[in-house]
Amino acid sequence: MIPDGVEDEEKWLAAGITGLQQNAFYMHRALDSNNVKDALKYSAQMLSELRTSRLSPHKYYELYMRAFDELRKLEMFFEEETRRGCSIIDLYELVQHAGNILPRLYLLCTVGSVYIKSKEAPAKDVLKDLVEMCRGIQNPVRGLFLRSYLSQISRDKLPDIGSEYEGDADTVVDAVEFVLQNFTEMNKLWVRMQHQGPAREKERREKERSELRDLVGKNLHVLSQIEGVDLDMYRDTVLPRVLEQVVNCKDELAQYYLMDCIIQVFPDEYHLQTLEILLGACPQLQPSVDIKTVLSRLMERLSNYAASSVEVLPEFLQVEAFAKLNSAIGKVIEAQVDMPIAGAVTLYSSLLTFTLHVHPDRLDYVDQILGACVKKLSGKGKLDDSKATKQIVALLSAPLEKYNDIETALKLTNYPHVMEHLDNGTNKVMAGVIIQSIIKSRICISTAEKVGALFELVKGLIKDLDENLHDELDEEDFNEEQNSVARLIQMLYNDDPEEMLKIICTVRKHILTGGPKRLPFTIPPLVFNSLKLVRRLQGQQENAAAEEVAPTPKKIFQLLNQTIEALSTVPVPELALRLYLQCAEAANDCDLEPVAYEFFTQAYILYEEEISDSRAQVTAIHLIIGTLQRMHVFGVENRDTLTHKATGYSAKLLKKPDQCRAVYACSHLFWIDDNDSVKDGERVLLCLKRALRIANAAQQMANATRGSSGSVMLFIEILNKYLYFFEKGNPEINVSAIQGLIELITTEMQSDSITPDPAADAFFASTLRYIQFQKQKGGAMGEKYEPIKV
């Protein structure tokens, strides 16, 4: 038995190597003096070291390789002897007198190799004799290495077609028979290893067996290299014999490894043509065999074969590969009741990949696989097994990657049913994969029905499937997710306005369930997509008869009003205000005065009731003024009401500089270049004078609190407004007013109490240069500027 201590084993190995080297030395000396008898004597003693049972397979291999190197030298000596006239038959008989069976058989194989090369006897007879004699060693480790040696020395001497050792018509059958017989005996020895020794050492024995598996597998590789093994022989002889041995050995490790070997070493076209035989063996394997990996590798090889050339695809149709694989997977899953969900999904995922390569046009096959997966998952609820969920994501991602078209995936009725079994976190990941696939391929989803189906698929990102999940999510990740949803909404489009309105309503229904955290991300893209539709409908005459069914700007604005109202639950008043103003501007372009007025009213209500932060108020009032200035749809009464409100808000801002800037901005509400009905010079002047008073008050406050009068920046800004309206031809803005303001600024800047402000100095200098430039330019504008002294 193998000793427990590693040191003991090293000691036995060292002793074995020493004994082997000593005898090898004497063998070399005998070879040099052409003494065959002594050479055989010392080689037998050298090979006796391989009779040990004290070494693990790993250490035994080290000893075996040293002996192997020496045997190659011995073989060359035997070849030289035969050339010198020594009878190879006599040598073959002579080595059989070795005292111990193991050295005798090693020597017999070595001389047998030379015997075949001499062609004094048919190769098949020598090989048959050797493979039969090797039965004399039944110790698993010693037997495996002996037969491995036989396989090694004979692989280039098989009576194959085209080989120099080719014999009669059945020559290939003999070669195959030899390899199969050697393989069968080696597999029996390999399997027997697990039954040797106490049960407590089973794990160690399994590890040792795993190390020796390649010795057995090499036989299958040799079989695959035999030229004469055509498809017929493989189907009728080789595969049935190998599978018979695999099934009958009833050993988990052997069955898994050998099935994998078969798949890896034989050609793809052979697998395709013998699919039924190969798959028929799968349910007969031990229940503990990892058959899912074996089948997955088989399908992977066949998928790659199908992808290699379109010319091979008819072969797949001819043998009905899909039906056979589908049936085999069903039987395996049915037979292995305890198979984990992850294993079953792995099989379906591999079958799906195979189908997408071989039958990309057969969506019914893809849906059938997804349906089978749903059936297996039914009753399991949400999966929490990370391996299973990972496999389901791979399963669901495969059609997206293949078709690069979400519309094709939407035709798969079982696709959403599979997604339902994902846990909420993975559901979101899969939803993200789907959205990124759409964005990447720039696909346009163009019907409300498809949009509804799509939003059902990606609902993990549109609403909270689990209230606790959002708390765990990083804010940056959440923002990224919602931005991708926003991009998706922007991509939805249909040329038909009626269908586009249906799409908008469908999206609205889904996103309004998203909760307060999502609405600020999802409502703006919906609003802007709706406004795109409004622009397309703009200018269309509203037909009273068709108004019930056809989309009109008015209908869309009603929908938008209700949609933006939903933001009040968040609350994000600044965002809502911006959206109301955008809608008001669109309504203005459609000449819908009541609608535009209503949007402005909503914006004003938000400003009064919801926006309390002074900075937000400043931004909001400038947005209101800017939008109102561009409106042309309002009548005098409505415009006056809104303008009066805006100027009132401006004067009530907290900080004086903000007040001043907002009030002088209001001056633009009373003078619009391309609208002759809005040119009230007096009210422009009133706004500017009021701004001057506020700027003056701001200076006085600065003087009272800080002891200096602060910057004159506000005065310079107002001066620029004066110049603007002066150029535009406002009769109330005259030269004396501008001159007075320039002198005021100059005086202030020379005052000792003024706070130095390089920006203000530069701005004022630039303004004066502009005036000088206009004077020098000449023409009508030059004449206007001429009286101004700088």
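In this predicted model, F354 makes contacts with M299, L302, S303, F316, A321, F322 and L325, leaving aside residues up to four places away in sequence. The residue belongs to helix α17, which covers residues 341–358. With a relative accessible area of 0%, F354 falls under the 20% limit and is therefore classed as buried.

A second view opens at helix α26, which runs over residues 475–491 and includes D477. S484 also has its place in helix α26. How do these two residues compare with the accessibility limits? S484 has a relative accessible area of 7%, so this serine counts as buried. D477, in contrast, reaches 38% relative accessibility and so counts as partly exposed, since that class lies between 20% and 50%. The contacts of S484, again without residues up to four places away in sequence, are with I435, Q436, I439 and L461.

The surroundings of D477 have a charged character: together with D474, E475, E476 and E480, this aspartate forms a patch of negative charge on the surface. The 38% value of D477 fits this membership, because a patch residue needs over 30% relative accessible area.

It is pleasant to be able to link the two regions by a distance. E480, one of the residues of the negative patch, lies 126 residues from F354 along the chain, and the C-alpha atoms of the two are separated by 34 Å.

Key:
Residues numbered from 1 in each chain as written. Predicted model: local features only at pLDDT ≥ 70, side-chain atom pairs only at ≥ 80, totals over all residues. Heavy atoms only, no water. Patch = residues over 30% accessible without salt bridge, like charges linked within 9 Å, V, L, I, M, F, W, Y side chains within 5 Å. Areas by Shrake-Rupley, 256 points an atom, 1.4 Å probe, with all protein chains shown as cover. Salt bridge = Lys/Arg side-chain N within 4 Å of Asp/Glu carboxyl O. Lys, Arg positive; Asp, Glu negative; His and termini not counted. Charge placed at Lys NZ, Arg CZ, Asp CG, Glu CD. Helix = DSSP H or I, 4+ residues; strand = E, 2+ residues; numbered from the N terminus. Buried < 20%, exposed > 50% of the residue type's maximum accessible area, 1.4 Å probe, protein only. Contact = heavy atoms within 4.5 Å.
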